[in-house]
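Subject: Structure for your consideration

Dear colleague,

Please find below the structure that I am handing over to you. My notes follow it.

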Amino acid sequence: MPVVIAPSILAADFARLAEAAAAVEGAADWLHVDVMDNHFVPNLTLGLPVVEALLKATPIPLDCHLMIDDPDRWAPPYAEAGVASVTFHVEAAADATRLARALRARGARAGAALKPGTPLEPYEDLLPELDLLLLMTVEPGFGGQEFRTAVLPKLRAARKLFDASGLDVWLQVDGGINGDTIVAAAEAGATAFVAGSAVYGADDPAAAIEALRAQAVGATLQR
Ligand code: DX5
Ligand code: ZN
């Protein structure tokens, strides 16, 4: 399985999102868009109208991470709009299986996210319905936080499950991913890496992506 690097525009200039996308075109596999509703998380960012504008502004596939209440109702329109990956939080979903199916039926990759403290076991039956499992490596809500090494055992457990079952699911990490932490995440089995500050805080965002990719690929080959 190849490695996906998804820069998070949460760390970019919100008045210049099209430029932020253009800065990583050709380097980023997906563009990670953090939707926060000030209810599921304390922060508030952007919603479907801005995502629709971004879809028109960039050819990079969008990876929408919905940190919102009631995703059962609000997530499918993102898939309908043409978002490539739509990830909802299991802690917020009333019927995760049904929602994942609705997202796939609308042509998107179905993603489910777990907060650092949310165990994986209760969601094992959900995995076959998913194209992406996001294990948060910080408490969702804000960029620039420190990577939580306590999530590594859960990552290894998910990797083990996917390898044993042959399920073709991206295992994504999000939060505190940078040159110091990406190897540990890749060694634990992650295949898709979100990076906000490490990319948009760098002088050359595209070069930062390529450096992260080289580290992730190196660690994945060792595994
Ligand atoms: C946090 C968001 C992340 C955030 C990551 O809730 O889900 O996507 O942008 O930012 P960094 O890479 O700076 O930790
Ligand atoms: Zn995110």
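The notes below take the chain as a whole, then the metal site, then one serine.

This is a predicted model, in which local features need pLDDT of at least 70 and side-chain atom pairs count only at pLDDT 80 or more, while totals for chains, interfaces and linings use all residues. Residues are numbered from 1 along each chain as its sequence is written, chains are lettered from A and ligands numbered from 1 in the order in which they are written, and side-chain values use heavy atoms, with hydrogens and water left out.

**The chain as a whole**

Nine helices and eight strands make up the secondary structure of the protein chain (DSSP runs numbered from the N terminus: helices are H or I of at least four residues, strands are E of at least two). The radius of gyration of the chain is 16 Å, close to the 17 Å from the globule rule for 223 residues, so the chain is as compact as a globular protein of that length (the radius is taken over C-alpha atoms, and the rule is 2.2 Å times the number of residues to the power 0.38). Of the 223 residues, 53% are buried (under 20% relative accessible area, with a 1.4 Å probe and protein chains only). Among contacts with a separation of 6 or more, 64% are between residues 24 or more positions apart (contact means heavy atoms within 4.5 Å).

**The zinc site**

The zinc ion (ligand 2) has as its protein donors H32 (NE2), D34 (OD), H65 (ND1) and D174 (OD), at 2.0 to 2.3 Å (donors are N, O and S atoms within 2.8 Å of the metal, or 3.2 Å for Na, K and Ca; water is not among the atoms, so sites may look incomplete). D34 belongs to strand β2 (residues 31-36) and H65 to strand β3 (residues 62-67), so this pair ties together parts that are 31 residues apart in sequence. D34 counts as buried because its relative accessibility is 6%, and H65 counts as buried at 0%.

The six donor atoms around the zinc ion subtend angles of 71 to 170 degrees, which makes the arrangement octahedral (six donors qualify if opposite donors are over 155 degrees apart and all others between 65 and 115).

**Serine 85**

S85 is located in strand β4 (residues 85-89) and is buried, with a relative accessible area of 1%. Its side chain makes a polar contact of 2.7 Å with that of R109 (a pair of N or O atoms within 3.5 Å; within protein, one must be able to donate a hydrogen and the other to accept it, and residues adjacent in sequence count only if both atoms are side-chain atoms). Beyond its neighbours within four places in sequence, S85 has contacts that include W30, L62 and L132.

Yours faithfully

Definitions and conventions. Four donors count as tetrahedral if all angles lie between 85 and 135 degrees; four count as square planar and six as octahedral if opposite donors are over 155 degrees apart and all others between 65 and 115; anything else is irregular. Buried means under 20% relative accessible area, exposed over 50%, partly exposed in between (1.4 Å probe, protein chains only).
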